[in-house]
Amino acid sequence: MMIFQRNQGISSYVEISDVVIPDNYEERMLTRCSFINILPSEVREIDGNKSLYVKVDGLTPLISRFRRVCPGKEDIKKLMDGIHKCIDELREYLLNPSGIIIGMDYIFYSDKSDEYKFIYVPGNTFDFRNQIKNLFEDIMRIFDHKDEAGVKYLYDTYSQFLRDNFSIDLFTRISNNRYLLEKKDDENEKENDISINPQFGVSEDYYKEVAAPEVVKEEFSINKKPYITAYTVLAAAAVILMIIFGPNSLKLSTVGFLAVSIYTVADINRKKNEAELENTFKGMEKIELTDTKPKKEEECYASKYKYPDEGTTVLKQNNMKGVSRLIPIEKSGDGYHDQILLIEGLTRIGRLDYQCDVVLDNTSVSRIHAEFERHGENVTIKDLGSTNGTYVNESRLNVGESVMLNPGDKIGIADVLFECA
């Protein structure tokens, strides 16, 4: 799947090509219905190959919004709420929520409606857990780490994505529970007329007594009486069958014991998972507030932050984000006019359309010229034996040589020039 951001006159849109879009109700729902949280899309087919065109006129990508305004707790809550609304809306139309693309470059914000908008690809499923985990890792690098309550909220939320059983359903349950907790806190604040702390939003006594009470996680225990009763009845039945039918009843008794044993194990595991999930929602640890002096206004960047209980450390980052796109530098008649979005995995570039993901219609470019490989924020470029060379900051790469790219690097695909961003 290839994703490009294109401009046609005053219109802007995202093109998703090399993707299988089935001709079924999902496509018709997407193209004919008006959604609130899903961007308007249309499917175009050329020579049997379908592409999805998504209109993004007047919208701001999430990465641009968060670079312009350093995100805080309220921004994360609004983003979580937007993803939740998108999932609920898709389910209302019987669409699979796993078809949404979640990423800093592919979530858009509307200033007019004050809502986040998402891209949905019908008939496709993406790894929701990895997508949202990578999204929050990107946000951590540009988050306002002076907002201590916001940092705690961000890392508490991110820790849920690391659970082995994390899914879309668990995400919606986490969102619902956090909403109920915040609503309850607001009601308690009004009732008790809590004083406001200018540094942290509310008083320390409020967090101690109302917002974050001490929660003691009880050890998991099970009521064994129903299972003992079931085995007792089964044993009695086996004895009666033995008396009536003799040894021929042993097979039937064995099957009965196996069935009850399998049910018992499954039921205990189910109850254990439910108890663990309930403890997760109860375990909103208290936010420890420290009396610190007001800090001077600093540039927005991620600083080292560590929680004693969780042992989570974010290392200081000078660059806000890794390379995610290539922006054309020179727009000549035979150059390349559109920026190239680099998705996870390999992106091959050259003149041969059926073997390359991105086609450059320039005679200086080889048929299969070079390839980019992206893993998270790490992007490398490798020359594939081109005639006129692949350049990084005016230095030509050897054939088969891979070089790590950084934002601001100048890339030369023969005579076609790009800047990494």
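This short talk covers one lysine and the aromatic pairs of the structure above, which is a predicted model.

Let me begin with Lys50, which has its place in strand 4, residues 49-55. Although lysine carries a charged side chain, I will keep to the computed values here: Lys50 has a relative accessibility of 16%, and because buried means under 20%, it counts as buried. As for its polar partners, a polar atom of the Lys50 side chain lies 3.0 Å from the backbone oxygen of Ile21, and the side chains of Lys50 and Glu27 are joined by a polar contact of 3.4 Å. If we leave aside neighbours within four places in sequence, the residues in contact with Lys50 include Asp18, Val19, Pro22 and Asp23, and also Val43, Arg44 and Glu45.

Arg44 brings us to the rings, since Arg44 lies over the face of Tyr53, at 4.0 Å from the ring centre. In a similar vein, the charged end of Arg65 sits over the ring of Tyr109, 3.8 Å from its centre.

Turning to ring pairs proper, the count comes to 7 aromatic pairs. In one of them, Phe35 and Tyr93, the ring centres are 4.7 Å apart and the planes stand at 50 degrees, so the pair is tilted. This pair links distant parts of the chain, 58 residues apart, with Phe35 in the loop between helix 1 and strand 3, and Tyr93 in the loop between helix 3 and strand 6. Phe35 is buried, at a relative accessible area of 13%, whereas Tyr93, at 24%, is partly exposed.

Finally, ring pairs link Phe128, Phe136, Phe161, Phe166 and Phe171 into a cluster.

Methods
Residues numbered from 1 in each chain as written. Predicted model: local features only at pLDDT ≥ 70, side-chain atom pairs only at ≥ 80, totals over all residues. Heavy atoms only, no water. Helix = DSSP H or I, 4+ residues; strand = E, 2+ residues; numbered from the N terminus. Buried < 20%, exposed > 50% of the residue type's maximum accessible area, 1.4 Å probe, protein only. Polar contact = N/O pair within 3.5 Å; in protein donor to acceptor, adjacent residues only side chain to side chain. Contact = heavy atoms within 4.5 Å. Phe/Tyr/Trp six-rings, centres within 6.5 Å; stacked < 30°, edge-to-face > 60°. Lys NZ or Arg CZ within 6 Å of the ring centre and 35° of its normal.
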